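Notebook open, viewer loaded. I want to go through the covalent links and the charged contacts here and jot down what turns up.

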Amino acid sequence: KFRAVRAAPDKISEKVEESIKNAQETCAGDPTSGECVAAWDEVEELSAAASHARDKKKDSDPLEDYCKDNPETLECKTFDD
Amino acid sequence: MAACTVYSTQSLRTNISIPTSSSSKTHLGFNQKQVVFYTTSKKSRTNNNKRYLITCKAGDSQTIVIGLAADSGCGKSTFMRRLTSVFGGAAEPPKGGNPDSNTLISDTTTVICLDDYHSLDRTGRKEKGVTALDPRANDFDLMYQQVKAIKDGISVEKPIYNHVTGLLDPPELIKPPKILVIEGLHPMYDSRVRDLLDFSIYLDISNEVKFAWKIQRDMAERGHSLESIKASIEARKPDFDAFIDPQKQYADAVIEVLPTQLIPDDNEGKILRVRLIQKEGVKYFSPVYLFDEGSTISWIPCGRKLTCSYPGIKFFYGPDTYFGNEVSVVEMDGQFDRLDELIYVESHLSNLSSKFYGEVTQQMLKHADFPGSNNGTGLFQTIVGLKIRDLFEQIVASRAETPVGAAKA
């Protein structure tokens, strides 16, 4: 049984890279223009999203994930008393 | 007796309505929490569905609203996890909904992210040349209407701003919780929204620390360099200073994070000086103090009774003024190495609103893996969490009392 894994983190990483390049180009002409500021704001938003995605990935424990779906298996059974 | 309100609203797409400013109110004697029904006028052939939403509140069921303001990447989510943990139960995204939803729901608390009230999506902001910090990129009318509706016990269909795609996704249903937390860049910007808040917190991260944190967060990311991190902070700074920073004057509690003074010229951002600035005279909120309320005290707990490693821990407590308001400040500089230090510190703080001795330490231990658990950020966030629980319980108790008193009189 497979679970769909969202490949978001990699995709976000690419977007971050792209947005940084874009911001550097936009700001080459006028570093105080609205477009430049908005471009760097986009970098910040994507960087924050990437970091949240990384944290989510890091927090997940392979055994815990497996046990969420298969609580009846030998390695997952827990008894309260 | 329960008080009921009937809202009639026109032509809405979905099952539950958002009350608009043109809602008309009628009072009925229903007992149900919420009833929704439609009447379709058959005379006109247009799709003119008129509908009524009835909400009834028992005296104590009104939602309490808390505002948390901070810049992106400044630890709002860690604070939120500490806060929901104080109330018990884990906060999770709504089940079965949009996987990119920003909302967190636990038994008592619902946390909504104010980015969901962006009026311009990522492309829209780029075209107009405005940042997400700019009020023009946010819909404060909708924010006010929906927060007000939830406070009044009415479910709303709230938009979802998708941080991955930068688009506004279809809305999700938010039911009124016991405690609603609105977190984001502008919870205290609009005076109407501000007046709805029962308590407000501002996370104030100094520029040096912000820079250090973002380096830790972003340096591993492809494409990022010291220059790009610096450029991003600098570019957003004018808007931050103009629209976000001024909100701190309205906050009931400000958590200020500064570089340490224990190590000269430290710029690693690992050891922090954290100040909890608490407004005096706020109803249901009595500030935490060290040893003696109202005195000015500097305290180094390290000595014969407690061994601390370099650079040690230093506390400060005292009265101050902050934007013309009377405040009490508790400050901690340095970091904990071991648990016994924290329980020692906790036993010397008063007015913590904890339910048993050692609750602060226990809460901190529960989340030892969260960022800031070994310094003042985690300590003060946990304390503010306990303060909010206390505030919530006092408000509920006072509401339960009032109708009884009124009936007797």
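**Disulfides**

I looked up the disulfides to begin with, and there are three over all chains, taking a disulfide as a pair of cysteine sulfur atoms within 2.5 Å. Reminder to self: a disulfide is a covalent bond between the sulfur atoms of two cysteines.

Housekeeping before I go on: this is a predicted model, so local features need pLDDT of at least 70 and side-chain atom pairs count only at pLDDT 80 or more, while totals for chains, interfaces and linings use all residues. Residues are numbered from 1 along each chain as its sequence is written, chains are lettered from A and ligands numbered from 1 in the order in which they are written, and side-chain values use heavy atoms, with hydrogens and water left out.

In chain A I found A:C27 bonded to A:C36, with the sulfur atoms 2.1 Å apart. This link is right-handed, with 100 degrees about the S-S bond. For burial I use three classes: buried is under 20% relative accessible area, exposed is over 50%, and partly exposed is in between (1.4 Å probe, protein chains only). A:C27 is buried at 12%, and A:C36 is buried at 2%.

Next I checked A:C67 and A:C76, whose sulfur atoms sit 2.0 Å apart in a disulfide. The torsion about their S-S bond is about -75 degrees, so this one is left-handed. Both A:C67 and A:C76 are buried. Counting bonded cysteines along chain A, I get the pattern 1-2, 3-4.

Over in chain B, B:C302 and B:C308 form a disulfide with sulfur atoms 2.1 Å apart. Its torsion is about -95 degrees, so I noted it as left-handed. B:C302 comes out partly exposed at 24%, and B:C308 is partly exposed at 22%. I also looked at B:C113, which counts as buried at 8%.

**Salt bridges**

How many salt bridges are there over all chains? I get 25, with a salt bridge meaning a side-chain nitrogen of Lys or Arg within 4 Å of a carboxyl oxygen of Asp or Glu.

One that caught my eye is A:E44 with B:K214, where the closest N and O atoms are 3.3 Å apart. The pair crosses between chains, running from helix α2 (residues 34-59) of chain A to helix α5 (residues 207-218) of chain B. My helices and strands are DSSP runs numbered from the N terminus (helices H or I, at least four residues; strands E, at least two). A:E44 and B:K214 are both buried.

Then I pulled up B:K151 and B:D198, which meet at 3.4 Å, N to O. They link distant parts of the chain, 47 residues apart: B:K151 is in helix α3 (residues 140-151) of chain B, and B:D198 is in the loop between α4 (191-196) and β10 (199-205). B:K151 is buried at 11%, whereas B:D198 is partly exposed at 22%.

Last pair: B:E393 and B:K355 meet at 2.8 Å, N to O. B:E393 lies in helix α9 (residues 376-408) of chain B and B:K355 in the loop between β17 (349-350) and α8 (359-366), so the bridge ties together parts that are 38 residues apart in sequence. B:E393 is partly exposed at 32%, and B:K355 is exposed at 54%. I also logged a network in which salt bridges that share partners join A:D41, B:D71, B:K210 and B:R236.
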